[in-house]
Amino acid sequence: MLVIQTKRFKYFVFDYNTNMLHKELTDNIKTVLNSADLIYKNEDYTSATILYFKVLFMVLDFIILKNTGATPKDHTERFRILEDKFPILYTLLDKYFKIYRSTYSASIDKKTCGEIKENVNKTIKEFKIEV
């Protein structure tokens, strides 16, 4: 089979891949958010915080993908993109990232977990991500 790439075909493949990634991200956001909520209800606030951060990273990647057509490869790239293109989201992530890093060695209390949960849900609502 011979495929000759045309401008139209190139954009079709890009749009198809981007749409597939959008769907995959929204599906994952919904699944992990549900898991985080269940764990929160079981009062395991450290594990719930970790999952809420995973949701936040996926939400941020969704926003970046929607606006740039690509997703960051790691936390560092995510920070740089947010700092450049989404300063308000950068400030949010920068403010709370130390809590995410502390989950490796410390327990997280209900108040802190609730604050992360609230910001995640607020960002999902603000950017109209369907979960």
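**Helix 3, the nonpolar core and a cavity**

Leu 82 touches Leu 60, Ile 64, Pro 87, Leu 89, Tyr 90 and Leu 93, with residues up to four places away in sequence left out of the count. The model described here is predicted. Leu 82 is also one of the buried residues of helix 3, which spans residues 75-85. The others are Arg 78, Phe 79 and Ile 81. These four cover an arc of only 170 degrees around the axis, so they sit on the same side of helix 3. Thr 76 and Asp 84 lie on the other side of the helix and are exposed. The buried residues of helix 3 pack against two elements, helix 2 (45-68) and helix 4 (87-102).

The N-terminal end of helix 3 is capped by Asp 74. A side-chain oxygen of Asp 74 lies 3.2 Å from the backbone nitrogen of Thr 76.

Leu 82 also belongs to the largest nonpolar core, which has 39 residues. Leu 82 is among the residues with the most contacts inside this core. The others so placed are Ile 29, Tyr 52, Phe 53, Val 55, Leu 93 and Ile 124. Two or more core residues come from each of helix 1 (7-41), helix 2, helix 3, helix 4 and helix 5 (110-126). Helix 2 gives the most, with 15 residues. In soluble globular proteins, nonpolar side chains tend to be buried together.

A polar residue, Asn 119, is found in helix 5. Asn 119 has a relative accessibility of 16%, and therefore counts as buried, since the cut-off for a buried residue is under 20%. Its side chain makes a polar contact with the side chain of Tyr 96, at 3.3 Å. With neighbours within four places in sequence set aside, Asn 119 is in contact with Leu 92 and Tyr 96.

Asn 119, Leu 92 and Tyr 96 also take part in lining the largest cavity. The structure holds one cavity of 30 Å³ or more. The volume of the largest cavity is about 40 Å³. Its lining is completed by Phe 53, Leu 56, Ile 116 and Val 120. Helix 2, helix 4 and helix 5 each supply at least two lining residues. Helix 5 provides the largest share, three residues. Phe 53 thus appears in two settings: it is among the residues with the most contacts inside the largest nonpolar core, and it lines the largest cavity.

How values were computed. Residues numbered from 1 in each chain as written. Predicted model: local features only at pLDDT ≥ 70, side-chain atom pairs only at ≥ 80, totals over all residues. Heavy atoms only, no water. Buried < 20%, exposed > 50% of the residue type's maximum accessible area, 1.4 Å probe, protein only. Arc of directions from axis to C-beta. Contact = heavy atoms within 4.5 Å. Polar contact = N/O pair within 3.5 Å; in protein donor to acceptor, adjacent residues only side chain to side chain. Core = buried A, V, L, I, M, F, W, Y, C linked by side-chain atoms within 4.5 Å. 1 Å grid on protein atoms, 1.4 Å probe; cavity = no way out; pocket = protein on both sides within 12 Å on 5 of 7 lines; lining within 4 Å. Points joined across faces, edges and corners; volume = space filled by probe spheres on them.
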